[in-house]
Amino acid sequence: MMSRTSLVGACVGLAACAPSGPQLELPSLDAASVEAQSWCALAQVVVENVQPAVLDHVEVVHWDSEDDFVKSKPSIDGDVVTVHSYLTTVDDGLEQIACKLKSNAAVERDLDLEVGTRRDCAAMNRLALEVAAGWHEDGAPTSTPLPLDVVDDRVTATGSAWVARSLEVTDEGVRGVRLRTGLAVPIVPGMSYCKLLTVEAAGALVP
């Protein structure tokens, strides 16, 4: 059981968090706001710690084909950030969403916007549980513990390794899968990939 200590405003895995900077305002996470946005669009803001105004520039391509999703790459063209998502199920029918995002360094460079220190994919998994528990609704209680923990991401070094791994829910807690590349990496620069718990899946885990 974890206490009411939200990951909001924290950066897990500091060695992977660059550029460094302030923790920026989170997007709205009440039920109506979450329903209106793709979870991957919200992840672009939360994980990469960029201004919520970026949501006005995010377009999400949802893939039905895993092969097509695997071939896709997020991009920034003009002021449009295109991210990619793929919804599937893992063990015991647990719903997982895979998100391909752009790094905050790419957003800072290409959109000339303030960015902060990156968060890990774990931040979104914790938020999914918080949203499902109603922590982000007006007047919601903030002392009720969530039913399971969120543990550090499983870090992968290649796209094929990221594709091969899935979100896990074990006795230890929820573990996402992460891949990041720097701006200097050839072919796939400035990428940020996460495998995440959906809010619907989190709702099945929260009593």
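These exercises work through strands, pockets and cores in one predicted model.

Residues are numbered from 1 along each chain as its sequence is written, and side-chain values use heavy atoms, with hydrogens and water left out. Because the model is predicted, local features need pLDDT of at least 70 and side-chain atom pairs count only at pLDDT 80 or more, while totals for chains, interfaces and linings use all residues.

**Exercise 1. Trace the pairing around strand β3 (residues 80-89).**

Step 1. Fix the terms. Helices (H or I, at least four residues) and strands (E, at least two) are DSSP runs, numbered from the N terminus. Two strands pair if DSSP finds at least two bridges between them.

Step 2. Take β1 (residues 58-63). It runs parallel to β3, and 6 bridges join the two. V58 stands opposite V81 of β3.

Step 3. Take β2 (residues 75-77). It pairs with β3 in the antiparallel sense over 3 bridges. I76 has V81 as its bridge partner in β3. The β2-β3 hairpin has 2 residues between its strands, and G78 in the turn has a positive phi of about 65 degrees.

Step 4. Take β4 (residues 95-102). The pairing with β3 is antiparallel, over 6 bridges. T88 has Q96 as its bridge partner in β4. This hairpin has 5 residues between the strands, and D92 takes a positive phi near 60 degrees.

**Exercise 2. Describe the largest pocket and its lining.**

Step 1. Define the space. On a 1 Å grid over the protein atoms alone, a pocket is an open set of points with protein on both sides within 12 Å along at least five of seven lines; lining residues have an atom within 4 Å of a point. A volume is the space filled by probe spheres set on the points, which are joined across faces, edges and corners.

Step 2. Read off the volume: about 310 Å³. Of the 16 lining residues, Q37, S38, W39, T198 and E200 are the closest to the centre.

Step 3. Assign elements. α1 (31-36), β1, β3, β4 and α7 (199-205) each supply at least two lining residues.

Step 4. Sort by class. The lining has 8 nonpolar, 5 polar and 3 charged residues. Here Ala, Val, Leu, Ile, Met, Phe, Trp, Tyr, Cys and Pro count as nonpolar, Asp, Glu, Lys and Arg as charged, and the others, Gly among them, as polar.

**Exercise 3. Locate W39 in the largest nonpolar core.**

Step 1. Define the core. It is a set of buried (under 20% relative accessible area, 1.4 Å probe, protein chains only) Ala, Val, Leu, Ile, Met, Phe, Trp, Tyr and Cys residues joined through side-chain atoms within 4.5 Å.

Step 2. Find the hubs. Of the 48 residues in this core, W39, M124, L129, L196 and L197 touch the most other members. Elements giving two or more residues include α2 (39-48), α5 (121-132) and β9 (191-197).

Step 3. List contacts (heavy atoms within 4.5 Å). Beyond four places in sequence, the partners of W39 include V34, I97, M124, L196 and V199.

Step 4. Look outside. Another core, of 8 residues, lies apart; F69, Y86, A98 and L179 are among them.

**Exercise 4. Is E114 buried, partly exposed or exposed?**

Step 1. Place E114: the loop between α4 and α5.

Step 2. Classify. E114 is partly exposed because its relative accessibility is 43%, and that class lies between buried and exposed (over 50%).

Step 3. Check a distant partner. E114 and V50 are 64 residues apart in sequence, yet 6.7 Å apart in space, C-alpha to C-alpha.

Technical notes
On a 1 Å grid over the protein atoms alone, a cavity is a set of points where a 1.4 Å probe fits but cannot get out, and a pocket is an open set with protein on both sides within 12 Å along at least five of seven lines; lining residues have an atom within 4 Å of a point.
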